[in-house]
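Visitor: Please take me on a close look at a single part of this model. I would like to see the largest pocket and the helices packed around there.

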Amino acid sequence: MDANGHELAEEAAPPPSRAPGIAGLSTPYRVVAALALGALGLAACAHLALVFLHVAPSNTLSKRHAETIDAWIYPEFEQNWKLFAPNPLQQNIAVEVRAEVRTAGGELTTTGWRDLSAEDAAAIRHSLLPSHTEQNELRRAWDFYTGSHDENGKPVGDRGGLAEEYLRRIALDRLTPDHEGGRILRIQMRSASRAVPAPKWSTETTDTQTYYRELPWWKV
């Protein structure tokens, strides 16, 4: 009470402070968060272990689990040492695609060749932080395909079918937004290879003609 005998209102007690992070959650949510973090940690450790076995020198463990390692690594996580290769690439290789499309009106048309490599280059040009996918997805997919097929397009290993499916999936992903009004029936891809010309001060002569390698038509 105050000096005049009036009763004073009690001040509201401040709410209890909440512990930061997971400790501030209720017990069920803490259990869920702990399980999720544990699963992510195990997945990260498993991924790092498989990548390490892939890049490490051949050993008993990597030989025993070769199929499991390859199934996880290829094609998205493949590692290579081309940055330090004694024979760097001396050609500019562009990957192009065209499609056979059934239009909304029922007409069957074949598109012109579309330079997917040029589109990737334009997407990263002048970018301070270019996307790793934009730089390497298409290039690595083409290398994966050519490394698992002969000049006639026949698979030379167990990964031939996977390489073809991966390359076709990338091409369709690029083409679909431009043909929403029609239906893509088939696609065909090719490479356009051109040797890097010799520098002006060199007396070396270089054949800079563009050479094409066309793949067969693939049904979608």
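Guide: Here is the pocket, followed by the helix contacts.

This is a predicted model, where local features need pLDDT of at least 70 and side-chain atom pairs count only at pLDDT 80 or more, while totals for chains, interfaces and linings use all residues. Residues are numbered from 1 along each chain as its sequence is written, and side-chain values use heavy atoms, without hydrogens and water.

Start with the empty space. Rolling a probe the size of a water molecule over the atoms shows where such space is left. A pocket is an open set of points on a 1 Å grid over the protein atoms alone, where a 1.4 Å probe fits, with protein on both sides within 12 Å along at least five of seven lines. The largest pocket has a volume of about 470 Å³ (the space filled by probe spheres set on the points, which are joined across faces, edges and corners). Its lining has 20 residues, and Asn92, Ile93, Ala94, Ser117 and Arg139 are the closest to the centre. A lining residue has an atom within 4 Å of a point.

Which elements supply the lining? β1 (91–102), α4 (116–124) and α5 (132–147) give at least two residues each. Helices (H or I, at least four residues) and strands (E, at least two) are DSSP runs, numbered from the N terminus. The largest share, seven residues, comes from α5. By class, the lining has nine nonpolar, six polar and five charged residues. Here Ala, Val, Leu, Ile, Met, Phe, Trp, Tyr, Cys and Pro count as nonpolar, Asp, Glu, Lys and Arg as charged, and the others, Gly among them, as polar.

Now follow α4 to α5. They pack at an angle of about 165°, with axes 9 Å apart. Axes are lines fitted to C-alpha atoms over the stretch in contact, and angles run from 0 to 180 degrees between N-to-C directions. So α4 is roughly antiparallel to α5 (an angle over 145 degrees). Leu116, Ser117, Asp120, Ala123 and Ile124 of α4 make the contact with Glu134, Gln135 and Leu138 of α5. Contact means heavy atoms within 4.5 Å. These residues divide into four nonpolar, two polar and two charged.

α5 has another partner, helix α6 (residues 160–175). The two pack at about 150°, with axes 8 Å apart. That makes α5 roughly antiparallel to α6. On the α5 side, the contact includes Glu137, Leu138, Ala141 and Trp142. On the α6 side, Leu162, Ala163 and Tyr166 are among them. By class, this contact has ten nonpolar, no polar and three charged residues.

Technical notes: Angles under 35 degrees count as roughly parallel, over 145 as roughly antiparallel, 65 to 115 as roughly perpendicular and the rest as oblique.
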